[in-house]
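Visitor: I'd like a close look at one part of this model, and then a walk outwards from there. Could you take me through it slowly?

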Amino acid sequence: MTWAVRPLIATLLALLLVASIIAHGEAASVRVPGASRHVLESGLTVVVKPSPASDLVVVEALLRAGPRLEAPALSGATFFVRGMLVRGTDRRSADQIAQAIEGVGGLLGGGTGADFTSLYAITPSRHLDLGMEMVADLLTNARFDPRDVETQRGVGLSRIRQNADQPLQRAVDLLGATLYPHHPYAQPVLGTTETIAALTREQLLEFYRAHFVASNTVIVIAGNVTEIQALDKARRAFGALRTGPPPRRLGWLRTVERALVPPLASPQEVRETRPTAAAWITVGYLGVPAGHRDFAPLRVLNAVLGEGMSSRLFVEVRERRGLAYQVGSAYVMRSGPGHIRLSAGTDPSTLSVVRAAMLREVERLRAEPLPADELERAKQVIVGRYALAREDLEAQAFYLGWYEILGIGFDYDRRFADEIGRVTASDVLRVARMYLTVPALAVVAPPGAE
Amino acid sequence: MRVAVLLAAVLAVAAPVGVIALPVAAGARGPGAAVRAVLESGLTVIVQEHTAADVVALHTWVRVGSKDEDDETNGAAHFLEHMLFKGTAKRRAGEMDREIEGIGGVHNAGTSLDWTYYHVAAPSRHFDRVLELQSDALMHSTLDPSELERERRVVLEEINRRDNFPATRALELLRGLAFTVHPYRRSVLGTRSTVERMPRETLLGFYRDYYVPDNMTVVVVGNVRAAQATAGVRRAYAGFRGPPVQRAPRPVEPPLESVRRLAVEQDVRVAYLAIGFPGPAVRDREVYATDVLAYALGRGLGARLRQQVVERSRLAQSVGVSFLTTEDPYLLVVSAITEPAHAEQAEAAILAELAAVAEQGITEAELARARNLLEGEHIYGTHTTRGQAYTLGFYATISDPEFASAYLGRIRQVTRDEVQRVARRLFDPRRYAIAVIRPAAR
């Protein structure tokens, strides 16, 4: 119950903050060592992380969108719209976009997840203005030329089929639909063949206009730049960004989201038969939303279970028994309830052996307290990988923005290691018993696999 | 280029089970040039001080890959790579994993056509410890027989997993088609039957013959002092000796004299095309112009093939070009994904565009875009300790350490004429190979 209340309070506080900014006509800023966040008059959030180590700068925009905010008929609209951004704006043709950014050695990229979509430009720091102006132009003035809509529709439909061609990806999609039968998280990021075939230019434009607004956007600037420079430039570059209220579904979800993700009443198993070489097994358990107090213990639990080569699943299924090449688990962090996902690929003849071994490792976590050395190693795995991944400048930018999108704040980046460090063995046992209760399984395997 | 077909050509000991896919890379600007030493044993050591993060990347590169295999031993280099994680004279299987992960480190390995590499990243204060762990695995692995049997099953599962990625499989089929005698025709993983039968003696032979000092390069990038790190490597590898590698000359691939075509039906919903044109080797001056050509045609939003075949004619939904730099002449590969019914038309459209480049060359703007994008990706790819270490180790292994430092300068000098000359030589419509994976006809 606490998790439903917390984001609400956070939102109210945020709204109060925004209100006070508007009242005073100036940006509200929060600083922590190494980074700062500023909410501009337009409602746009700007996060700056100066990092002079390389001569590069990243401008990354993250917006609340993706399956969580998509009505069933609009499933895949976020991914579709992102594909339209680089295909021309009112000011630039697709060729001019490409030539401008790649002509100076810059990279334009992005991603879409269950809760967000992102767009970034990485450039040498002397081209910061260009990177910033380009991201702003794409967020504000995308053209949606009817011919380009049809091109992207073809690309999108192809991507859906390419995903289906990969059995593990297929199993992951099936698992999502099984874990979240009533929540939009059941919908794939790419949408479905039906929705992508049916979406009209007008629907896409409306989605763009409703979601690509200042109050729904976080801009992160990371790299060889000072806070003052970055903020000054961002104010000018993003000045024309559409204003308007955040997407309606956001407010609506805050009140009903928990009801949309009831605990599974009984174990679920879906199986798709295909002529694949290996059998692919995924097992999922519902978890908690980002910001919940049980997130850190669940994150540690996941590391014990399936992160790295010293994790239980790896040691038991692969090292001791040689039953898989790929085996492990991931905690999927979400704005709404996340989940733990175990996965393995094995010979079709050992499907049930591996399936049983995976469930047995889950059972062990519920039955036995964690030995101190294993707890310690799991924490090292998490914190060590976290630090190593953040050597990458784009990853630094992405995570600061993502934490804003998730509602836990950019400074979560600094709090994370402490939260993990405080987790005890009894916390892990408690969350194992509380959350690893009713599994959902999705299996993609050839006929006769057992 | 060094990362072109990374997914397709490098097989790692462990597959990532990720939450979010991010670009692969990590780090910051190195304050000085890389320092290189060749120890008395013949071991090459390259150290780059890099102080942006309190991290060290330790990569050890061995010049052995599927190119060193024959029909019997196919898959040995990769299988051996797995066995270096399965115990040494003083550590049992799994101990190294626990020790490295216990200090917040990450490690893995990869095998390709020409090389095998082992990498660790860890907080820099643990440098001596990870160096001891990695050098122990490289010098003193036991290839324990019962561990070997278990790992054989793991490698067979890895072969099963290949099917998970039709685009990768198309590339493997292409290699088997384009090469008839050169070992690049074989899969890095080997075949089910070679792996099922692979005797321990074969792996021991590869270990003895190729894991010798003058065939290895240790690369250290991170918050360390160059002199101390070099001394550390010298200590860790004290007593490491071995005769220089005796390599039999590899068969020279005869020129491709026709169009070779292979279509395979599989459980897929779109068509995956891989079209290969015989390209240069790392020692050829043309590698730089070939990299620029590959970028002009098939990398980034402004790439010629994307604009023509995806955006204008819409015959493909994805198209890209890769050119992996290799010891022996390899392939420039055009990969495309199309609707099954459009595969032939897409192939024709791609060939027509390549012919146009051979005939008229590329524009000044295309040249600038390709060179700058290559440079931008190179800078981005080396801004982390692991990216920098990978680049240094890669070029030192397939060429020499100077290759990496001279690379960007060479790219900047590439002219339109050179690009057109390469295009003319490569894009002969009568000489190429194409592999297609497509759905079964109904």
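Visitor: Let's start with α17(A): what do the buried residues of α17(A) pack against?

Guide: Happy to, and keep in mind that this is a predicted model. The buried residues of α17(A) pack against β9 (279-286), α11 (295-306), α13 (351-367) and α14 of chain A. The helix itself covers residues 425-435 of chain A, and the residues buried in it are V428(A), V431(A), A432(A) and Y435(A). Looking down the axis of α17(A), you'd find those buried residues within an arc of 105°, so they line one face of the helix. The general spacing rule helps here: an α-helix has 3.6 residues a turn, so residues three or four places apart point the same way. Turn to the other side of α17(A) and you meet S426(A) and R433(A), which are exposed.

Now step back to the chain around that helix. Chain A has 17 helices and twelve strands. Its radius of gyration is 22 Å, which agrees with the value near 22 Å for a compact globule of 450 residues. The C-alpha atoms of chain A fit a box of roughly 60 × 50 × 40 Å along the principal axes. Of the 450 residues in chain A, 57% count as buried. Take the contacts in chain A between residues at least 6 apart in sequence, and 79% of them join residues at least 24 apart.

One spot in chain A to check by eye is F144(A), in the loop between α4 (128-141) and α5 (146-164). Most residues other than glycine have a negative phi. F144(A) isn't a glycine, yet its phi is positive, about 55°. F144(A) counts as partly exposed because it has 18 C-beta neighbours inside 10 Å.

Chain B has a residue to look at in the same way. L143(B) sits in the loop between α4 and α5 (145-162) of chain B. Again it's not a glycine, and L143(B) has a positive phi of about 50°. With 19 other C-beta atoms within 10 Å, L143(B) is partly exposed.

As for chain B overall, there are 16 helices and twelve strands. Its radius of gyration is 22 Å, close to the 22 Å that the globule rule gives for 442 residues, so chain B is as compact as a globular protein of that length. The C-alpha trace of chain B spans about 60 × 50 × 45 Å along its principal axes. Buried residues make up 59% of the 442 residues in chain B. Among chain B contacts with a separation of 6 or more, 82% come from residues 24 or more positions apart.

You met α14 of chain A as a packing partner of α17(A), and α14 (372-389) turns up again on the chain B side. It is among the elements that cover the buried residues of α3(B), together with β5 (106-111), β6 (116-123) and α4 (127-140) of chain B. Helix α3(B) spans residues 95-102, with M96(B), D97(B), I100(B) and E101(B) buried. Those buried residues fall within an arc of 120° when seen down the axis of α3(B), so they line one face of the helix. After α3(B) comes G104(B), with a positive phi near 80°.

Next, the nonpolar core. The largest one has 288 residues, and L273(B) and V292(B) touch the most other members. Helix α15 (residues 393-406) of chain A gives the most to this core, with ten residues. Leaving out residues up to four places away in sequence, the contacts of L273(B) include A170(B), S335(B), A343(B), A346(B), I434(B) and V436(B).

A346(B) leads us to the last stop, a helix pair. Two packed helices are described by the angle between their axes and the distance between the axes. Here α11 (residues 304-312) and α12 (residues 343-360) of chain B pack at an angle of about 145°, with axes 10 Å apart. The crossing of α11(B) past α12(B) is right-handed. From α11(B), R304(B), L305(B), Q308(B) and V309(B) meet A346(B), A349(B), I350(B) and E353(B) in α12(B). L351(B) also lies in α12 of chain B. L351(B) counts as partly exposed because it has 17 C-beta neighbours inside 10 Å. If you want a distance to check on screen, the C-alpha atoms of L351(B) and T290(B) are 17 Å apart, with their positions 61 residues apart along the chain.

Methods. Residues are numbered from 1 along each chain as its sequence is written. Chains are lettered from A and ligands numbered from 1 in the order in which they are written. This is a predicted model: local features need pLDDT of at least 70, side-chain atom pairs count only at pLDDT 80 or more; totals for chains, interfaces and linings use all residues. Helices (H or I, at least four residues) and strands (E, at least two) are DSSP runs, numbered from the N terminus. The radius of gyration is taken over C-alpha atoms; the globule rule is 2.2 Å times the number of residues to the power 0.38. A residue is buried if 20 or more other C-beta atoms lie within 10 Å of its own, exposed if 12 or fewer, and partly exposed in between; C-beta atoms are placed from the backbone. Two residues are in contact if their C-beta atoms, placed from the backbone, lie within 7 Å. The arc is that of the directions from the helix axis to the C-beta atoms. A nonpolar core is a set of buried Ala, Val, Leu, Ile, Met, Phe, Trp, Tyr and Cys residues joined through C-beta atoms within 7 Å. Axes are lines fitted to C-alpha atoms, for helices over the stretch in contact, and angles run from 0 to 180 degrees between N-to-C directions. A crossing is left-handed if the near helix is turned anticlockwise from the far one by less than a right angle, and right-handed if clockwise.
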